[in-house]
Amino acid sequence: MQRTALPVVAAIFAFFSLEAVEAFSTTTRHRQQASRAIHRHRRFVTAGQRTQTTLCSTWDDFSYDDDDDLFDSLESDFVAADENDDSAVKAAAGMALEAPEVDWDGDVIMVPQGSQLALDEETVQGVLAACRQEIGTMFGYQAENRGVGITGGVDFVDLDGPTVIVSLKGRFWHQRPTVLSRVSSYLIARIPEIVEVIVEDEYQLTDEANDAAI
């Protein structure tokens with residue numbers, strides 16, 4: 001009886017031992033999985049916090065850069081206004097450019113077309129001064145015109161008999177021969193003794209001269 005019971009007891013013990021081992025193993029695996037899950041969760045949270053810290057910006061270490069060279073470079077760079085912009089916008093842009101110099105401080109002689117003025121240097125200078133104003137959209141004497149890149153000017157050079165000699169400088173929107181023609185018509189219409197108005201150098205009438213101008 002005892003010999004028969006021993007194998008049965010051993011079998012029962014072995015069965016329960018196997019169940020215990022499997023249960024322990026299962027529990028261990030669950031704990032490991034749980035541990036790994038917790039670890040992954042912690043890594044996720046940590047990474048999320050780290051990312052949040054990276055993406056969040058503050059002004060703690062912000063400092064004002066008072067490098068004057070930066071502003072100097074901005075002031076020296078001219079940005080032209082559009083021709084359709086308001087006149088105030090054009091004028092504001094044109095203030096960045098200097099107006100063409102005028103070597104004449106005499107009176108401006110503004111008379112209507114058809115006037116009969118005498119031909120002399122002072123009269124030509126005075127009428128040319130009026131010409132700069134009356135057909136001023138061609139020239140850069142006004143800030144509004146300079147705002148769209150027009151920097152051109154006209155100067156008296158000499159009077160050779162009935163021929164007036166002028167010079168063109170700066171950049172024009174119109175063709176330079178057109179500018180000269182308009183100036184010539186203006187002068188002759190007020191000083192009829194003038195036979196022609198020419199430039200001191202034919203190069204001044206070329207597109208190359210206009211493109212090279214500032």
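This is a short walk through one protein chain, from its overall layout to a few single residues.

A word on the source. The model is predicted.

Let's start with the whole chain. The protein chain has seven helices and three strands. Read from the N terminus, the order of elements is α-α-α-α-α-β-β-α-β-α. The chain has 214 residues, and 29% of them count as buried. Now the contacts. Take those in the protein chain with a separation of 6 or more: 59% of them come from residues 24 or more positions apart.

Next, helix H3. H3 covers residues 87–94. Which of its residues are buried? They are Lys 90, Ala 93 and Gly 94. Why do they sit on the same side of H3? Because the arc they cover around the axis is only 100 degrees. And what do the buried residues of H3 pack against? Their partner is helix H5, residues 143–146.

H3 also has a cap. Asp 86 caps the N-terminal end of the helix. One of its side-chain oxygens is 2.8 Å from the backbone nitrogen of Ala 88.

Stay at that end for a moment. Asn 84 is in the loop between helix H2, residues 68–76, and H3. Buried or exposed? Asn 84 is exposed, and its relative accessible area is 69%. The cut-off for exposed is over 50%. Along the sequence, Asn 84 is 64 residues from Val 148. In space, C-alpha to C-alpha, the two are 9.7 Å apart.

On the other side of H3 in sequence we have Met 110. Met 110 sits in the loop between H3 and helix H4, residues 121–134. Its relative accessibility is 46%, so Met 110 counts as partly exposed. What does Met 110 contact, leaving aside neighbours within four places in sequence? The contacts are Ala 130, Gln 133 and Glu 134. Cys 131 is 21 residues from Met 110 in sequence. The C-alpha to C-alpha distance for that pair is 8.1 Å.

Now the strand end of the story. Ile 198 belongs to strand S3, residues 196–199. With a relative accessible area of 29%, Ile 198 is partly exposed. Set aside residues up to four places away in sequence. Ile 198 then touches Thr 163, Val 164, Ile 165, Val 166 and Leu 180. Val 183 is 15 residues from Ile 198 in sequence, and 9.9 Å away C-alpha to C-alpha.

Leu 180 comes back with our next residue, Leu 205. Leu 205 lies in the loop between S3 and helix H7, residues 207–212. Is Leu 205 buried or exposed? Buried, at 18% relative accessible area. The limit for buried is under 20%. Outside its neighbours within four places in sequence, Leu 205 contacts Leu 168, Arg 176, Pro 177, Leu 180 and Val 199. Leu 205 and Leu 180 are 25 residues apart along the chain. Their C-alpha atoms are separated by 8.3 Å.

Last stop, the largest pocket. How much space lies in the largest pocket? About 200 Å³. And what lines the largest pocket? Start with Phe 78, then Leu 97, Glu 98, Ala 99 and Pro 100. Gly 149 and Thr 151 are also in the lining. So are Lys 169, Gly 170 and Arg 171. Ala 213 and Ile 214 complete the list. By character, the lining divides into six nonpolar, three polar and three charged residues.

To recap on H3: the buried residues are Lys 90, Ala 93 and Gly 94, they pack against H5, and Asp 86 caps the N-terminal end. Thanks, over to you.

Conventions:
Residues numbered from 1 in each chain as written. Predicted model: local features only at pLDDT ≥ 70, side-chain atom pairs only at ≥ 80, totals over all residues. Heavy atoms only, no water. Buried < 20%, exposed > 50% of the residue type's maximum accessible area, 1.4 Å probe, protein only. Helix = DSSP H or I, 4+ residues; strand = E, 2+ residues; numbered from the N terminus. Arc of directions from axis to C-beta. Contact = heavy atoms within 4.5 Å. Polar contact = N/O pair within 3.5 Å; in protein donor to acceptor, adjacent residues only side chain to side chain. 1 Å grid on protein atoms, 1.4 Å probe; cavity = no way out; pocket = protein on both sides within 12 Å on 5 of 7 lines; lining within 4 Å. Points joined across faces, edges and corners; volume = space filled by probe spheres on them. Nonpolar A, V, L, I, M, F, W, Y, C, P; charged D, E, K, R; others polar.
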